[in-house]
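Please consider the following model together with its sequence. The discussion below moves from its pockets to its helices and loops, and ends with the protein as a whole.

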Amino acid sequence: WQSEAGVVKERETILGMLRVRGLLPQAEVAVTQGIAWLCSGSGENDPLQPLIEAAGLPVGADSFWRAEVVAHDRTRTDLECYWGGSATPRVVVEAKLGHELSVQQVRTYADDLVRRSDVDGQRSLMVVLVPEHRRREAEDVIAQARRSDNHDLLMTVWSYDQVLAALTASLGANPDLEQLRGLIQVSEALDIKPFTQAELDTKCAARHADLVRVVALASSALSNDGRRVLPSRTQDPDFEWMRYVEVNPDKTCIGVGVRRSPEHLGVPSWIWVRVHRGTYNAESAGRLLEEVYPGRAALLTDGTTWMPLTVPVGE
């Protein structure tokens, strides 16, 4: 473009802005910075105003967005929207792409927003922004966070599809918007999308990589009470990928993994728990599995116990 001084400059693009700031490797940060950047250059009307007002909060004059705002406890919120000359945000957005969304996290941001909003007595809105396939998860988290609330903070879920649609309605054909759309599509691949029954069929192994990610995350979480997380392994005759999880430190271990074939003991399932006959107290551990999960665990004649795990469909 050409400035008033007649100097020809290259127009800054959204990807150029993110590259200069070193944000492209950080998917969530890059996307939220991109959203704020597009909103700030949209003119008088806030592109996301329809979404805010649909949640029950009227938008005041001169609204603007900021990304990666540092809170009083040094944490950072993903997006905040202000208007009316107030230093208090009216909308706070917690965005997720591939990372865990916890109830405590939402409660923390909501409580902080209520604390700040109490200064001027204005209502505010807490938004959880997720890919469309994580909407039900986000709605469940908000519902749980709500159970202990004693304030009238508005809370809702937006999907990236909704945000892109709102930006498109406001900005029309826009190359920067298309760059943001592509960035979101690529970043959503960081998430594990829900499985269909067909993808979990015995004849379909197309999503083995996602199954491995599910087991890797779940098996790591089993050790989150202070026990060490043992390394994964692929050199096992029964599993394509597996990890041992300590039940007793340096003693009994159970294996959790993705089998090389989903058909085992007459049960079609990719993911199994194994109590190997060689682990400490294997017989007692196998009996305990049978007691806790009656009808599911099977103790074989060689002393090894197997139990299939169910991957939920559509979640």
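What is the volume of the second largest pocket? In this predicted model, the second largest pocket has a volume of about 470 Å³. Its lining is made up of 25 residues, and those closest to the centre of the pocket are Leu222, Ile254, Val273, Leu289 and Met307. Two or more lining residues come from each of α8, β8 (253–259), β11 (271–275) and α9 (282–292). The most is given by α9, which supplies five residues to the lining of the second largest pocket. By class, the lining of this pocket divides into 19 nonpolar residues, five polar residues and one charged residue.

The helix α9 merits a separate look. Its residues Ala282, Ala285, Gly286 and Leu289 are buried. They lie on the same side of α9, because the arc that they cover around the axis is only 100°. The background to such a pattern is that an α-helix has 3.6 residues a turn, so residues three or four places apart point the same way. On the face of α9 turned away from the buried side are the exposed residues Glu283 and Glu291. The buried residues of α9 pack against β11 and β13 (305–308). Of these partners, β11 is also among the elements that give two or more residues to the lining of the second largest pocket, and Leu289, one of the buried residues of α9, is among the residues closest to the centre of that pocket.

The loop between β11 and α9 contains Asn281. Although Asn281 is a residue other than glycine, its phi is positive, with a value near 60°. Asn281 counts as partly exposed, because its relative accessibility is 43%. A positive phi is also found at Asp62, which is not a glycine and has a value of about 60°. Asp62 belongs to the loop between α3 (49–54) and β1 (64–70). With a relative accessibility of 66%, Asp62 counts as exposed, since the cut-off for that class is over 50%.

The largest pocket has a volume of about 850 Å³. It is lined by 24 residues, of which Arg134, Glu137, Ile192, Leu217 and Glu315 are the closest to its centre. Both α5 (135–146) and α8 (208–221) supply at least two residues of this lining, and α5 gives the most, with four residues. The lining of the largest pocket comprises nine nonpolar, four polar and eleven charged residues. The helix α8 thus appears in the linings of the largest pocket and of the second largest pocket.

The helix α5 also leads to another part of the structure, as it is one of the elements against which the buried residues of α4 pack. The other partners of these residues are the strands β2 (76–82), β3 (91–95), β4 (125–130) and β5 (154–159). The buried residues of α4 are Val103, Val106, Tyr109, Ala110, Asp112, Leu113, Val114, Arg116 and Ser117. The length of α4 can be checked: at 1.5 Å a residue, its 15 residues (103–117) should span 21 Å, and the end C-alpha atoms are 21 Å apart, which agrees.

Finally, the protein as a whole has nine helices and 13 strands. Of its 315 residues, 46% are buried. Among contacts between residues at least 6 apart in sequence, 56% join residues at least 24 apart.

Notes
Residues numbered from 1 in each chain as written. Predicted model: local features only at pLDDT ≥ 70, side-chain atom pairs only at ≥ 80, totals over all residues. Heavy atoms only, no water. 1 Å grid on protein atoms, 1.4 Å probe; cavity = no way out; pocket = protein on both sides within 12 Å on 5 of 7 lines; lining within 4 Å. Points joined across faces, edges and corners; volume = space filled by probe spheres on them. Nonpolar A, V, L, I, M, F, W, Y, C, P; charged D, E, K, R; others polar. Buried < 20%, exposed > 50% of the residue type's maximum accessible area, 1.4 Å probe, protein only. Arc of directions from axis to C-beta. Contact = heavy atoms within 4.5 Å. Expected span 1.5 Å × (residues − 1).
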